[in-house]
Amino acid sequence: MPVYAVEDGRASIDNALDSDEMTFFAIAKDKTNAVWATGTNAASAYVDGENPYIVVTETGAYETLLSDGSTVVSAIEVPSVIDLPTGNLTFESFTEGEKTYITEDRGLGYEMAEVYIATQKTMIDAGGVSLVPWSETEAVGSGVSGVGYYTSTVTLTNTGATGWLLDIGSTNGASAAVYVNGVKAAAVDIDNPVVDISALLVEGDNEITAGVSSTLLNVLAANGTMDNEPQAYGMAGAASLIPYVSVLVK
């Protein structure tokens, strides 16, 4: 959340957006005695009730300027990032299935014909792999299209973190979904694929899955329907679990 200031009856908000990003702000008159952060070098700041908090993702000293004019320096320790360099890959392959032919005669001297092609879905277990496009794996290969599910297990015990962000790295521009212990997490922004999964994690073992989809280009090229080079779909680069700590500023 960006910090803001109120002066001479006006509210100013300091916020930065990347290309193609958007955000919304709701502004209402504050009738409480809340004190908030007007500036901080922390990752973000917010108010809970009448108390200001900052959120940080790295150990260090953080300076926060509050709306009452005071400045607070907080020394905060954050647990280490957990790298997720590998995972088990299960691929759901989409290929051409059964054809259904439909004809229609409206009595106009001709017949209309349609063909409906069902999608044949086949699961391929590629086993343990690095987080690479599935075209680079022997079990799946490049001439397929579908959804690749990359799964890792992480054990969390008394970490001291307030919450955790999952950074799935690059998906080569493809859409993705994240599941934690079988429950779907919030939507993934493919330009900034970082999702807060704190509410879905439990003490002990946690199963984290990133499902990355593709278009049908590769399978259409493989069966000769289209003439194009295979595209590299799937994960590309390391994923990680990033801890954050929320601290009351006082």
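The following exchange asks how the terms used for this predicted model are backed by its values.

Reader: What kind of model is this, and which cut-offs apply to it?

Author: It is a predicted model, in which local features need pLDDT of at least 70 and side-chain atom pairs count only at pLDDT 80 or more, while totals for chains, interfaces and linings use all residues. Residues are numbered from 1 along each chain as its sequence is written, and side-chain values use heavy atoms, with hydrogens and water left out.

Reader: What makes E104 and R106 a salt bridge?

Author: The term requires a side-chain nitrogen of Lys or Arg within 4 Å of a carboxyl oxygen of Asp or Glu. For E104 and R106 the closest N and O atoms are 3.0 Å apart, so the pair meets the limit of 4 Å. The structure holds two salt bridges, and K99 with E96 also forms one, with the closest N and O atoms 3.6 Å apart.

Reader: Why is R106 called exposed, and why is E104 called partly exposed?

Author: A residue is buried under 20% relative accessible area, exposed over 50%, and partly exposed in between, with a 1.4 Å probe and protein chains only. R106 has a relative accessible area of 58% and is therefore exposed, whereas E104, at 35%, falls in between and counts as partly exposed. K99, with 39%, is likewise partly exposed.

Reader: How do you know that strand 9 and strand 10 pair?

Author: Strands are DSSP runs of E with at least two residues, numbered from the N terminus, and two strands pair if DSSP finds at least two bridges between them. Strand 9 (residues 86–105) and strand 10 are joined over 18 bridges in the antiparallel sense, so the condition of at least two is met. One of the bridge partners is I117 in strand 10, which belongs to K99. In the hairpin of these strands, with five residues between them, G107 takes a positive phi near 75 degrees.

Reader: What is the order of strands in the open sheet, and why are strand 10 and strand 14 said to stand at the edges?

Author: The open sheet has six strands in the order 10-9-11-16-13-14, with antiparallel pairing. Strand 10 (111–130) and strand 14 (183–184) each have a single partner strand, so one side of each is left without a neighbour in the sheet. In general, strands of a sheet pair through backbone hydrogen bonds, either parallel or antiparallel.

Reader: How many bridges join strand 13 to strand 14, and what makes that enough for a pair?

Author: Two bridges join strand 13 (residues 176–180) to strand 14, which run antiparallel, and since the rule asks for at least two, the strands count as paired. Y179 stands opposite K184 in strand 14.

Reader: Which bridges link the strands between those edges?

Author: Strand 9 and strand 11 pair over six bridges in the antiparallel sense, with V147 in strand 11 as the bridge partner of E92. Strand 11 and strand 16 pair over ten bridges, again antiparallel, and V154 stands opposite N206 in strand 16. Strand 13 and strand 16 pair in the antiparallel sense over five bridges, where V178 stands opposite A210.

Reader: Why is strand 16 called mostly covered?

Author: Seven of the ten residues of strand 16 (residues 204–213) are buried, and the strand is therefore described as mostly covered.

Reader: What makes I13, F25 and I27 a nonpolar surface patch?

Author: Patches are made of residues with over 30% relative accessible area and no salt bridge, where nonpolar side chains (Val, Leu, Ile, Met, Phe, Trp, Tyr) are joined within 5 Å and like charges within 9 Å. I13, which lies in strand 2 (residues 10–13), has 37% relative accessibility, so I13 passes the 30% limit. The patch made by I13, F25 and I27 covers about 300 Å², with areas from the Shrake-Rupley method and a 1.4 Å probe, for which only the protein chains shown count as cover for residues.

Reader: Why is the patch of D18, D20, D189 and D191 called negative?

Author: Asp and Glu count as negative and Lys and Arg as positive, while His and the chain ends are not counted, so the gathering of D18, D20, D189 and D191 on the surface is a patch of negative charge. D191 lies in the loop between strand 14 and strand 15 (194–196) and is exposed, with a relative accessible area of 58%.

Definitions and conventions: Helix = DSSP H or I, 4+ residues; strand = E, 2+ residues; numbered from the N terminus. Charge placed at Lys NZ, Arg CZ, Asp CG, Glu CD.
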